[in-house]
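Here are some notes for a colleague who is opening this structure for the first time. They go from the chain as a whole to its nonpolar cores and then to two individual residues.

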Amino acid sequence: MYEDLFGLREPAFNMTPDPRFMYFSGQHREAMTLLCYGVQSRCGFMQITGEIGAGKTTLCRTFLDQTQSKVHTALIFNPKMSESEMLEAIIEDFGVEPALNGKKSCFDALNRFLLREADKGMNAVVIIDEAQLLHPNVLEEIRLLSNLETATKKLIQIILVGQPELRDVLNRPELTQLRQRITIRFHLTALNRKDTFSYIQHRLNVAGSSGDYFTDEAVDRIYALSGGIPRVINTLANRAMMAAYTHHARVITPSMVELAQADLEGILV
């Protein structure tokens, strides 16, 4: 809608986890480094937590984008399933077809696949998003997957991604064995003011921008209203650019950010 006015090839603040728009703050770079290390070292279990909209899914998508030539991946975005459904979803994503129905057949087929691919120098990663929603029984089933190993290395790496509540779930007494197997943990926090400015500019540049359209005061207001949460920044910045478009303006001011916030809250102004 506003792309032509601002000289953009595409919208800059879509809500999809597009790796092209990944902004590496210091903490996001650290999280990426840890994920790469964990997978390359075959650490087994890893845990990434963060508030809603902190960029966890985009981080994982970017990680997969950078490692796809050496890693087979299974992505689980809807973890509300039974133990058998989870196992079936994982092997289906890997493209594994068990000879028979049943858990043992699934495990055997997965183990053969992992051994074969490990011999080729390939790794295998399961990423489970919204992992705080997993039932403890399903988490225990996932723990059993880490038993698929040789004498020298883990055959499958599992990344649990979720909101802060995931830490509470994993602290349950019955999940002690799983908790002890998690070798890498990282918690994503909100962006600071400097990173909020850089984040906005980065997304504009990826979308084709050749200028600065948000005043410093407008960024200050976005930061204050969003708390530095990327998803909220996207929403406010997108609505503010729409407000600028309707006013035929190519500079986004604090008043336009206020209009964006009012629009989101359903307030007539």
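1. A residue is called buried here when its relative accessible area is under 20%. By that rule, 49% of the 269 residues of the protein chain count as buried. Please keep in mind while reading that the model is predicted.

2. As to the overall build, the protein chain holds 12 helices and five strands, and its C-alpha atoms fill a box of roughly 65 × 40 × 30 Å along the principal axes. Among the contacts with a separation of 6 or more, 75% are made by residues 24 or more positions apart.

3. Turning to the surface and the charges, the accessible surface of the protein chain is about 13000 Å², and carbon and sulfur atoms account for 50% of that area. There are 28 positive and 32 negative side chains, with the centres of the two sets lying 6 Å apart.

4. In soluble globular proteins, nonpolar side chains tend to be buried together. The largest nonpolar core of this chain has 37 residues, of which M86, F94, I128, L134 and L160 touch the most other members. At least two residues of this core come from each of β2 (71-76), α4 (83-94), α5 (103-119), β3 (123-128), α6 (136-145), β4 (157-162) and α7 (165-170), and α5 gives the most, with seven residues. Apart from this core lies another one, of 30 residues, which includes A12, L191, A240 and M241.

5. F94 deserves a separate look. Once residues up to four places away in sequence are set aside, F94 touches H72, T73, A74, L110, F113, A124, V125, V126 and I156.

6. Is E117, a residue of helix α5, buried or exposed? E117 counts as buried because its relative accessible area is 9%, which is under the 20% limit. Its side chain is joined to that of H72 by a polar contact of 2.8 Å, and, leaving aside neighbours within four places in sequence, E117 is in contact with H72 and M122.

7. Q132 sits in the loop between β3 and α6, and, with a relative accessible area of 12%, Q132 is buried as well. A polar contact of 2.6 Å links the side chains of Q132 and E130, while a polar atom of the Q132 side chain lies 3.0 Å from the backbone nitrogen of Q163. Beyond its neighbours within four places in sequence, Q132 is in contact with V161, G162, Q163, E165, L166 and V169.

Definitions and conventions
Residues are numbered from 1 along each chain as its sequence is written. This is a predicted model: local features need pLDDT of at least 70, side-chain atom pairs count only at pLDDT 80 or more; totals for chains, interfaces and linings use all residues. Side-chain values use heavy atoms; hydrogens and water are left out. Helices (H or I, at least four residues) and strands (E, at least two) are DSSP runs, numbered from the N terminus. Buried means under 20% relative accessible area, exposed over 50%, partly exposed in between (1.4 Å probe, protein chains only). Contact means heavy atoms within 4.5 Å. Accessible areas come from the Shrake-Rupley method with a 1.4 Å probe; for residues, only the protein chains shown count as cover. Lys and Arg count as positive and Asp and Glu as negative; His and the chain ends are not counted. The place of a charge is taken as NZ of Lys, CZ of Arg, CG of Asp or CD of Glu. A nonpolar core is a set of buried Ala, Val, Leu, Ile, Met, Phe, Trp, Tyr and Cys residues joined through side-chain atoms within 4.5 Å. A polar contact is a pair of N or O atoms within 3.5 Å; within protein, one must be able to donate a hydrogen and the other to accept it, and residues adjacent in sequence count only if both atoms are side-chain atoms.
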